[in-house]
Amino acid sequence: KVGNVKNMEDLLLAISCHRGITRLNLTSTDLSTVDTGLLVRVLTGVYRLEVEAAKMTTRQIEAFLEALGGQTKLKLLTFSKIDLTAVDPALLARAVNRLEAVGFLPESAKLTNVQSEAILTRMANHDTRLKYFGGPHHTVPLDVLVRAINKLEKIFGNMTGPNAEALLRQSLVETKLTRAIITTTLDVDKNLVKAARKVIPH
């Protein structure tokens, strides 16, 4: 876990040279003056990265996302308490879909509706490496949403009854889901649930 230190670049340089570090938590850390190349090397050199209330420039964030198009160790990424609204939606969508698990903690990681829709649309219409995705999706068209979610391995979250039924109907057509935990506000057709359990083990 990294907090505020006087010479952040020296610390990050040391981290970049230490191959044994697989998880990095950047909480309330001012990274805005750190060399972009060094920062990207560190962020993409760990298996799991948690960025919480860290201060980064849009250029730094976009350089990090661009780097995910190459060979990186990073598989799991969580953003919280950080404003991502200035980031290019297409770039964000490409980067997210190259990882295995991504979480944007609700209400604390700020995304625009356009960004959310770009991520889910790319997930639905292209190959994705994602096995889990947690993030806002209330403005995403339902047909796109259910196709995207059925490309994941796991889904945990709240849905309206009709949306949950649409998701399960799509699972009968095509799905990679192995675990689905869905809380709904209305009852879901029991026959549909029974049929879906034949293709979604848990």
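A residue counts as exposed when its relative accessible area is over 50%, and as buried when that value is under 20%. Keep those cut-offs in mind, and remember that this is a predicted model. Lysine 198 has a relative accessible area of 69%, so lysine 198 is exposed. You'll find lysine 198 in the segment after helix 8. Now look for threonine 185: the two residues are 13 places apart along the chain, and their C-alpha atoms are separated by 23 Å.

**Two residues of helix 7**

Let's go to the other end of the scale. Serine 171 sits in helix 7. Is serine 171 buried or exposed? Its relative accessible area is 3%, so serine 171 is buried. If you skip residues up to four places away in sequence, serine 171 touches Asn150, Ala196, Val199 and Ile200.

Alanine 166 is also found in helix 7. With a relative accessible area of 12%, alanine 166 falls under the 20% cut-off and is therefore buried. Which residues does alanine 166 contact, leaving aside its neighbours within four places in sequence? They are Leu142 and Val146. Valine 146 is 20 residues away from alanine 166 in sequence, yet the two C-alpha atoms are 6.7 Å apart in space.

Here are the residues with stated accessibility side by side, including two that come up again further down.

| Residue | Relative accessible area | Class |
|---|---|---|
| Serine 171 | 3% | buried |
| Alanine 166 | 12% | buried |
| Alanine 53 | 29% | partly exposed |
| Serine 28 | 39% | partly exposed |
| Lysine 198 | 69% | exposed |

**Helices 2 and 4 and the core**

Next, find helix 2, which covers residues 36-43. Its buried residues are Leu38, Leu39, Val40, Val42 and Leu43. What do they pack against? Their partners are helix 1 (8-17), strand 1 (23-27), strand 2 (48-52) and helix 3. At the N-terminal end, helix 2 is capped by aspartate 35, with a side-chain oxygen 3.2 Å from the backbone nitrogen of glycine 37.

Helix 4 runs over residues 89-96, and Leu91, Leu92, Ala93, Ala95 and Val96 are its buried members. An α-helix has 3.6 residues a turn, so residues three or four places apart point the same way. You can try that idea out on Leu91 and Ala95, both buried in helix 4. The buried residues of helix 4 pack against helix 3 (58-67), strand 5 (101-104), helix 5 (113-125) and strand 7 (132-134).

The largest nonpolar core holds 62 residues. Which of them touch the most other members? That title goes to Leu49, Phe64, Phe104 and Phe133. Zoom in on leucine 49: leaving out residues up to four places away in sequence, its contacts are Leu24, Leu26, Leu43, Phe64, Leu74, Leu76, Leu77 and Thr78. Two names there are worth a second look: Leu43 is one of the buried residues of helix 2, and Phe64 is among the best-connected core members listed above.

**Two pockets**

Rolling a probe the size of a water molecule over the atoms shows where empty space is left. The largest pocket has a volume of about 700 Å³. Its lining has 32 residues, and the closest to the centre are Tyr132, Phe133, Gly134, Gly135 and Phe156. Strand 3 (76-80), strand 5, strand 7, helix 6 (142-149) and strand 8 (154-159) each give at least two residues to this lining. Strand 8 gives the most, with five residues. By type, the lining splits into 20 nonpolar, 10 polar and two charged residues. Phe133 turns up twice in this tour, both close to the pocket centre and in the core.

The second largest pocket comes in at about 240 Å³. Its lining includes Ala164, Leu168, Ile182, Arg197 and His202. Helix 7 (161-173), strand 9 (179-184) and helix 8 (190-196) each supply at least two lining residues. Which element has the largest share? Strand 9 does, with four residues. This lining has nine nonpolar residues, two polar ones and one charged one.

**Two unusual backbone angles**

Most residues other than glycine have a negative phi, and most peptide bonds are trans. Serine 28 is not a glycine, but has a positive phi of about 50 degrees. Serine 28 lies in the loop between strand 1 and helix 2. Alanine 53 also has a positive phi, of about 55 degrees, and sits in the loop between strand 2 and helix 3.

Key:
Residues numbered from 1 in each chain as written. Predicted model: local features only at pLDDT ≥ 70, side-chain atom pairs only at ≥ 80, totals over all residues. Heavy atoms only, no water. Buried < 20%, exposed > 50% of the residue type's maximum accessible area, 1.4 Å probe, protein only. Contact = heavy atoms within 4.5 Å. Core = buried A, V, L, I, M, F, W, Y, C linked by side-chain atoms within 4.5 Å. Polar contact = N/O pair within 3.5 Å; in protein donor to acceptor, adjacent residues only side chain to side chain. 1 Å grid on protein atoms, 1.4 Å probe; cavity = no way out; pocket = protein on both sides within 12 Å on 5 of 7 lines; lining within 4 Å. Points joined across faces, edges and corners; volume = space filled by probe spheres on them. Nonpolar A, V, L, I, M, F, W, Y, C, P; charged D, E, K, R; others polar.
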